[in-house]
Amino acid sequence: MKDIIRVKCLLSTEVEALLNQQIKKEAQSSSAYLSMAAWCNSNGFDFSSDYFFKQAEEERVHQLKIYKYVLDMGGTAISPEVTNIKIEFNSFKECFEDALDHEISVTQSLKNIAAYCYKEQDFVTIEFLNWFFKEQREEEYKARRALELFEVIGEEGTGRWQIDKNVGNIVYTEA
């Protein structure tokens with residue numbers, strides 16, 4: 001039986017390239033979260049380590065979701081090379097500051113893809129991206145709330161222990 005050949009990609013070359021860039025961004029985010037998990041683990045912040053391991057897995061799921069979408073649309077998904085991942089942090093709080101910066105960067109990247117898709121009238125990809133926007137609302141919320149723990153609880157005395165203990169309890173519920 002002859003193999004089925006995909007005749008035409010349903011993505012423009014530009015959208016395919018933007019989605020492949022997003023695949024790389026999600027892979028970098030996953031690796032960054034793994035690094036944060038390792039740092040927290042090495043410094044005795046076990047609950048935060050678990051939190052960052054979960055975040056790393058979520059980012060990997062996001063990466064694979066986009067990867068599969070590109071393939072499903074007849075495009076070529078590229079497995080990214082991930083380099084220059086920060087492995088040392090100056091403080092416990094810095095991990096969470098970096099996490100929020102990552103999430104804001106991912107949201108902005110997705111917004112840029114959507115803006116381009118609107119310009120091209122690629123409504124199928126826009127519909128696909130809507131799931132990610134909802135997800136980013138949750139991710140940014142959780143990252144902001146984690147940082148707020150540093151302000152509310154403070155780091156003095158048992159503060160870092162309390163922050164570590166409460167990070168995993170942050171939950172986003174839609175209005």
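In this predicted model, N84 sits in the loop that links α2 (46-72) to α3 (92-120). Its backbone stands out a little: the phi of N84 is near 55°, a positive value in a residue other than glycine. As for its surroundings, N84 has a relative accessible area of 78%, so it counts as exposed, the cut-off for that label being over 50%.

Q121 tells a similar story one loop further on, between α3 and α4 (123-153). Here too phi is positive in a residue that isn't glycine, at near 60°. The relative accessible area of Q121 comes to 58%, which means that this residue is exposed as well.

Now for the inside of the fold. In soluble globular proteins, nonpolar side chains tend to be buried together. The largest nonpolar core here has 24 residues, and the ones that touch the most other members are M36, W39, C40, F52, F92, C95 and F96. Two or more residues apiece come from α1 (13-42), α2, α3, α4 and α5 (159-167). The top contributor is α1, which puts in 6 residues.

C95 gives a handy close-up of the packing. With its neighbours within four places in sequence set aside, C95 is in contact with M36, W39, C40, F52 and F89. A second core lies apart from the largest one; this other core is made up of 18 residues, including L19, L110, I126 and F132.

Definitions and conventions. Residues numbered from 1 in each chain as written. Predicted model: local features only at pLDDT ≥ 70, side-chain atom pairs only at ≥ 80, totals over all residues. Heavy atoms only, no water. Helix = DSSP H or I, 4+ residues; strand = E, 2+ residues; numbered from the N terminus. Buried < 20%, exposed > 50% of the residue type's maximum accessible area, 1.4 Å probe, protein only. Core = buried A, V, L, I, M, F, W, Y, C linked by side-chain atoms within 4.5 Å. Contact = heavy atoms within 4.5 Å.
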